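Visitor: I am new to this structure. Could you pick one strand, look at it closely, and then show how the rest is arranged around it?

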Amino acid sequence: MSLYRDEGVVLRTQKLGEADRIVTVLAKRTGKIRAVAKGVRRTTSRFGARLEPFTHVDLQLHTGRTLDVVTQAETLRPYGEALAADYPRYTAGTAMLETADRLTHGEKEPALRQFLLLVGGLRTLADRDHEARLVLDAYFLRSLAVAGYAPALDACAKCRAPAIRAFAIVAGGVVCGACKPSGSAVPAGGTIGLMAALLRGDWAAADASESRHRSECSGLVAAYLQWHLEHGIRSLRHVEREPA
């Protein structure tokens, strides 16, 4: 039996049989893991509550033929407890978990930067220092950047001209008048400035942004993310019902 240990964030769970669950975890060193947690749905389970989504856990697992098996689980921080009573923060956190799952494609492929971004995003949400949707948009932009899809925000994505006229998802960010494809969005300058602030972690500028710029930014960021993922983020339907 090959044992290994890692820490990670539980992304999702699914029932298996009468008492087991399959847990999907984004781990610090191993990357994405799908493992069986045996007996966790029984009321007598020693660590069932430690393997719920949002939980940052320290795990011991052994390698199985198809799925690994969780043998120990210790909670490092239960982010779900801090988010469950706050609907905007809970739904933002759910969208983070879903995005982390989608952006880490292969199992057991190291994804340290994505793991650190997810832990940082959940911690920021739980600490309540910034508006939930700002935190979510910052997480989306930075996760895309780590995956190689950072939007161009300082110069035209096609010709690098400094004169910005529009935002074109298919072009990869802002574009000049000459490169602007049909159907491009024409956001306010403050919206592009907010996107840039979120991408670089300038919270002073982000927190001082206007509501209309936040709303426009959220729409553009969500569309850009889902275009690169080639399908929608289901949990965003709930997030977008909240006012910016």
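Guide: Start with Arg 21, whose bridge partner in β3 is Ala 37. Keep in mind that the model is a predicted one. Ile 22 also has a bridge partner in β3, namely Val 36. Both pairs belong to the contact between strand β2 and strand β3, the latter covering residues 31-37. These two strands run antiparallel and are joined by seven bridges. They form a hairpin, with three residues between them.

The strand to look at closely is β2, which spans residues 20-27. It has a second pairing, with strand β1 (residues 3-16), again antiparallel, over eight bridges. One position in this pairing is Val 9, which stands opposite Leu 26 of β2. β1 and β2 also make a hairpin with three residues between them, and Gly 17, in that turn, has a positive phi of about 65°. As background, strands of a sheet pair through backbone hydrogen bonds, either parallel or antiparallel.

How enclosed is β2? Seven of its eight residues are buried, so the strand is largely enclosed by the rest of the structure.

The wider setting is a closed barrel of five strands in the order β1-β2-β3-β5-β4, with mixed pairing. From one strand to the next the twist averages 45°. Helices lie against these strands. Helix α2 (residues 87-103) lies across β1, β2 and β3, and runs at about 110° to β1. Helix α3, residues 112-127, packs on the sheet as well and touches β1, β2, β4 (55-62) and β5 (68-78). The direction of α3 makes about 65° with that of β1. β2 is thus among the strands α2 lies across, and among those α3 touches.

The loop between α2 and α3 holds Lys 108. Its phi is near 55°, which is positive although the residue is not glycine. Most residues other than glycine have a negative phi. Lys 108 counts as partly exposed, at 39% relative accessibility.

Beyond the barrel, another pair of helices can be described. Helix α4 (residues 132-146) packs with helix α7 (residues 211-229) at an angle of about 35°, their axes being 10 Å apart. The crossing of α4 past α7 is left-handed. On the α4 side the contact is made by Arg 133, Leu 134, Asp 137, Phe 140, Leu 141 and Leu 144. The α7 residues in the contact include Arg 214, Cys 217, Val 221, Tyr 224, Leu 225 and His 228. Taken together, the residues of this contact divide into nine nonpolar, two polar and three charged.

In the loop between α7 and α8 (236-239) is Glu 230. Phi of Glu 230 is near 70°, another positive value in a residue other than glycine. Glu 230 is exposed, with a relative accessible area of 71%.

Last, the cysteines. The count of disulfides is zero. Cys 176 is in none, and the nearest cysteine sulfur, that of Cys 179, is 3.6 Å away. That separation rules out a disulfide because the two sulfur atoms would have to be within 2.5 Å. Cys 176 is buried, with a relative accessible area of 6%. Cys 179 also counts as buried, at 18% relative accessibility.

Definitions and conventions
Residues numbered from 1 in each chain as written. Predicted model: local features only at pLDDT ≥ 70, side-chain atom pairs only at ≥ 80, totals over all residues. Heavy atoms only, no water. Buried < 20%, exposed > 50% of the residue type's maximum accessible area, 1.4 Å probe, protein only. Helix = DSSP H or I, 4+ residues; strand = E, 2+ residues; numbered from the N terminus. Pairing = 2+ DSSP bridges. Axes fitted to C-alpha atoms, helices over the stretch in contact; angles between N-to-C directions. Left-handed = near helix turned anticlockwise from the far one by under 90°. Contact = heavy atoms within 4.5 Å. Nonpolar A, V, L, I, M, F, W, Y, C, P; charged D, E, K, R; others polar.
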